[in-house]
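Student: I should like to go through the reasoning behind the terms applied to this model. Please set each value against its criterion.

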Amino acid sequence: MKIAVLPGDGIGPEIVEQAVKVLKALGESFELEFAPVGGAGYEASGHPLPESTLKLALDADAVLFGSVGDWKYDNLERALRPEQAILGLRKNLNLFANFRPAILYPELAGASTLKSEVVSGLDILIIRELTGDIYFGQPRGVRECPDGPFKGQREGFDTMRYAEGEVRRIAHVAFQAAQKRSKRLTSVDKANVLETFQFWKDIVIDVHKEYPDVALDHMYVDNAAMQLVRAPKKFDVIVTGNMFGDILSDAAAMLTGSIGMLPSASLDANNKGLYEPSHGSAPDIAGKGIANPLATILSAAMMLRYSLKMEAHADRIENAVKSVLAKGLRTPDIFEDGCTKVGTAEMGDAVVSALV
Ligand code: NAD
């Protein structure tokens with residue numbers, strides 16, 4: 001199995017190093033090939049997604065990704081900014097389904113900013129469409145405002161759009177994921193205001209006919225944001241568009257105590273995927289050895305489960321993470337009184353030691 005390892009920027013290299021340690025400790029002969037991406041790619045070859053990095057990702061069975069971005073690249077033209085690498089990888093690898101599980105480990109109930117009775121036992125899955133929506137729609141840019149009270153002034157604009165096939169394929173993925181869980185799916189939209197999301201809703205209702213065993217409901221995104229912090233356990237699987245999913249999944253991350261706990265998988269139609277923590281490159285703590293590596297380690301477990309079909313190894317890693325949390329080991333982002341504070345590398349070592 002060939003795994004493309006793209007550590008990226010900021011805390012990326014520190015946290016990916018821990019996931020690699022864990023993969024190496026499983027006793028399989030993975031072929032791990034490293035390549036620069038993001039700011040590191042720009043430094044190495046003048047582009048955030050160097051051609052050699054893209055080729056490696058296309059050739060590999062799966063991609064393990066750290067994170068990209070640093071404030072020092074903020075003045076680069078948009079096409080050269082580190083974040084473009086992740087968009088380029090999603091596009092070239094046809095990664096359209098982003099799985100973001102938000103699970104609250106009982107040991108971390110106190111680390112959530114919400115009352116523990118609201119979040120304890122939380123286990124939801126947010127499925128975010130990745131290739132469409134306002135993030136990619138054309139036209140976009142800055143132009144002269146053509147009408148209205150600000151006519152003649154400069155205006156910024158983007159285009160929200162979804163093709164029928166795009167909505168159908170993510171709806172199928174979501175219904176199938178719901179079938180494997182509690183058979184409940186919530187489609188989040190803004191059909192009351194946006195044409196694109198009325199269209200989304202109509203297609204989801206149509207695809208539902210093929211999955212009569214799944215209970216489907218619809219929720220406007222503003223209400224979904226409120227319900228996620230009011231009664232998150234009411235949800236099971238949520239499917240939504242690119243922008244709403246981006247925002248809601250970060251909110252869901254906080255329910256679990258820290259964004260440092262949240263893995264993610266971005267899959268194509270054949271379950272080849274890119275696996276990364278849900279958080280960014282955290283330049284504020286990069287190089288300090290305090291970043292939480294568990295989201296990345298859990299992303300590696302998702303990689304074993306979804307792309308490499310090594311379910312037993314995925315279980316081993318997830319059980320090892322539960323075991324280190326039960327022992328009271330905590331990086332600073334999830335630290336509570338009475339626990340043992342550890343750094344990034346110590347947490348990685350502890351997960352390796354806890355593998356059975
Ligand atoms: P961020 O997720 O990097 O950080 C938000 C906050 O969470 C920070 O206080 C950070 O210290 C903390 N945090 C994040 N990961 C952590 C971890 N593993 N352990 C402990 N604390 C952690 O988001 P941001 O500050 O908005 O963005 C920083 C950079 O990351 C930007 O350049 C942004 O574009 C980029 N970014 C990249 C990705 C990606 O690579 N897929 C995703 C989001 C943001």
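Student: What makes the area between domain 1 and domain 2 "buried"?
Tutor: In this predicted model, about 1800 Å² is buried between domain 1 and domain 2, with 64% of it on carbon and sulfur atoms. The area is called buried because it is accessible area that two parts lose on being put together. On the side of domain 1, Arg-90, Phe-96 and Ser-278 supply 38% of the area buried against domain 2, more than any other three residues.

Student: How do you know which residues of domain 1 and domain 2 are in contact?
Tutor: The criterion is heavy atoms within 4.5 Å. In this model, 19 residues of domain 1 are in contact with 21 residues of domain 2.

Student: How many salt bridges does the rule find across the interface of domain 1 and domain 2?
Tutor: The rule finds zero salt bridges across this interface. A salt bridge requires a side-chain nitrogen of Lys or Arg within 4 Å of a carboxyl oxygen of Asp or Glu. Five residue pairs are nevertheless in polar contact across the interface. By class, the side of domain 1 that touches domain 2 has eleven nonpolar, three polar and five charged residues.

Student: Why does Asp-133 count as buried?
Tutor: The relative accessibility of Asp-133 is 1%, and buried means under 20%, so Asp-133 counts as buried. Asp-133 lies in the loop between strand 5 and strand 6, and its phi is near 75°, a positive value in a residue other than glycine.

Student: What is the omega of the peptide bond that joins Gln-138 and Pro-139?
Tutor: Omega is about 0°, and the bond is cis. Pro-139 is found in the loop between strand 5 (123-129) and strand 6 (141-144).

Terms used
Residues are numbered from 1 along each chain as its sequence is written. This is a predicted model: local features need pLDDT of at least 70, side-chain atom pairs count only at pLDDT 80 or more; totals for chains, interfaces and linings use all residues. Side-chain values use heavy atoms; hydrogens and water are left out. Buried area is the accessible area (1.4 Å probe) that two parts lose on being put together, summed over both. A polar contact is a pair of N or O atoms within 3.5 Å; within protein, one must be able to donate a hydrogen and the other to accept it, and residues adjacent in sequence count only if both atoms are side-chain atoms. Ala, Val, Leu, Ile, Met, Phe, Trp, Tyr, Cys and Pro count as nonpolar, Asp, Glu, Lys and Arg as charged, and the others, Gly among them, as polar. Helices (H or I, at least four residues) and strands (E, at least two) are DSSP runs, numbered from the N terminus. Buried means under 20% relative accessible area, exposed over 50%, partly exposed in between (1.4 Å probe, protein chains only).
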